[in-house]
Amino acid sequence: MMNSKDKISLAALKLFLQKGYAATSISDVVTECKITKGGIYHHFKNKEELFLETIDYLFDRFEELERTIYVKSTNFKQVLHAYFGSLSNISKVLGTMTGSENIDVNNFYMLMTNVFIKFPQIREKHGKLHLKNQEILVEIINKAQQEGQIKDNIDCETLSFMINALAEGTMIYHIMTDEIDLKEKGEKIFQNLWKSISTEKEI
């Protein structure tokens, strides 16, 4: 059973994703989670602290998601396919977390952009998590290279950076235009990238 602090955090996360930080009030959270203001202030001293802990929770879940991709995939090709395939699943993941079907992935990226400007400590934490995941990806790429799955003249760190840049760049373009189908685009990016780095012979 979910404790009151987690219940507050998830209700706040849903509202922050739907309305943004500035437009969400403690009163909104009270209405959403049906807990008194006193109950909220028992766990969080103000809206900023609630927001920071909520975003921490969100980052932790996304880190778990990335790790799951790495663990469940048996080789680098599968990792790459799952990674770009996950672009179209972010709304679903956010919806599952918050219990809402009304989470727009564009709102998530807009919120993150504003968060990094307003709260440098979140940007710093996100940067550290990002670097940690990149290091894991470099290890996977290195192994794939040693096993002959990908070309041996590829710089592993640069490829890791490119993969992340392609994924995040695609999401930024998606914010600017609704014409991008993330599922289709993710698949095409995977296919093109794999062809350029793979040692597989085309049939």
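**Figure 1. Surroundings of lysine 47 in the predicted model.** Lysine 47 touches Phe16, Tyr21, Ala22, Thr24, Ser25 and Ile26, leaving out residues up to four places away in sequence. The structure shown here and in the other views is a predicted model. Lysine 47 belongs to helix H4, which runs over residues 47-72. Two of the residues it touches also offer backbone oxygens to its side chain. The backbone oxygen of tyrosine 21 is reached by the side chain of lysine 47 at 2.9 Å. A polar atom of the same side chain lies 2.8 Å from the backbone oxygen of threonine 24. Which side chain of opposite charge is nearest to lysine 47? Aspartate 28 is the nearest, 7.6 Å away, and lysine 47 is buried yet has no salt bridge. A salt bridge requires a side-chain nitrogen of Lys or Arg within 4 Å of a carboxyl oxygen of Asp or Glu, so the distance of 7.6 Å to aspartate 28 does not qualify.

**Figure 2. The salt bridge between aspartate 28 and lysine 19.** Aspartate 28, the nearest side chain of opposite charge to lysine 47, is itself paired with lysine 19. The two side chains meet in a salt bridge with an N to O distance of 2.9 Å. Side chains of opposite charge can pair when their charged atoms come close. Aspartate 28 has a relative accessible area of 22% and is therefore partly exposed. Lysine 19 is partly exposed as well, with a relative accessible area of 40%.

**Figure 3. A salt bridge between helices H1 and H4.** Lysine 5 and glutamate 53 meet through their side chains in a salt bridge, 3.2 Å from N to O. The pair links distant parts of the chain, with lysine 5 in helix H1 (residues 4-19) and glutamate 53 in helix H4, 48 residues apart. Lysine 5 is partly exposed, its relative accessible area being 29%. Glutamate 53 is also partly exposed, at a relative accessible area of 31%.

**Figure 4. A salt bridge within helix H8.** Lysine 128 and glutamate 124 form a salt bridge in which the closest N and O atoms are 3.5 Å apart. Both residues lie in helix H8 (residues 120-146), and because they are 4 residues apart, about one helical turn separates them. Is lysine 128 buried or exposed? Lysine 128 has a relative accessible area of 55% and is exposed, whereas glutamate 124, at 48%, is partly exposed. In the whole structure, a search finds 7 salt bridges.

**Figure 5. The two sides of helix H10.** Helix H10 covers residues 182-197; at 1.5 Å a residue its 16 residues should span 22 Å, and the end C-alpha atoms are 22 Å apart, which agrees. Its buried residues are Leu182, Gly186, Ile189, Phe190, Leu193, Trp194 and Ile197. These residues cover an arc of only 125° around the axis, so they fall on the same side of H10. The other side of H10 carries the exposed residues Asn192 and Lys195. Packing of the buried residues is against helix H5 (76-85) and helix H9 (156-176). At the start of H10, the backbone nitrogen of lysine 183 has a side-chain oxygen of aspartate 181 within 3.0 Å.

**Figure 6. Isoleucine 150 in the loop between H8 and H9.** Isoleucine 150 is placed in the loop between H8 and H9. Its relative accessible area is 1%, so isoleucine 150 counts as buried. Leaving aside neighbours within four places in sequence, its contacts are Phe76, Ile141, Ala144, Gln145, Leu159, Trp194, Ile197, Ser198 and Thr199. Among these, Trp194 and Ile197 are also buried residues of H10. Isoleucine 150 and glutamate 200 are 50 residues apart along the chain, and their C-alpha atoms are separated by 8.0 Å.

**Figure 7. Leucine 65 and valine 93, with the whole chain for context.** Leucine 65 is in helix H4. At 30% relative accessibility, leucine 65 is counted as partly exposed. Valine 93 is 28 residues away from leucine 65 in sequence, with a C-alpha to C-alpha distance of 9.1 Å. The protein chain has 10 helices and 0 strands, and its C-alpha trace spans about 65 × 35 × 35 Å along the principal axes. Of its 203 residues, 42% are buried. Among contacts with a separation of 6 or more, 68% join residues 24 or more positions apart.

Conventions. Residues are numbered from 1 along each chain as its sequence is written. This is a predicted model: local features need pLDDT of at least 70, side-chain atom pairs count only at pLDDT 80 or more; totals for chains, interfaces and linings use all residues. Side-chain values use heavy atoms; hydrogens and water are left out. The expected span of a helix is 1.5 Å times one less than its number of residues. Buried means under 20% relative accessible area, exposed over 50%, partly exposed in between (1.4 Å probe, protein chains only). The arc is that of the directions from the helix axis to the C-beta atoms. Contact means heavy atoms within 4.5 Å. A polar contact is a pair of N or O atoms within 3.5 Å; within protein, one must be able to donate a hydrogen and the other to accept it, and residues adjacent in sequence count only if both atoms are side-chain atoms. Lys and Arg count as positive and Asp and Glu as negative; His and the chain ends are not counted.
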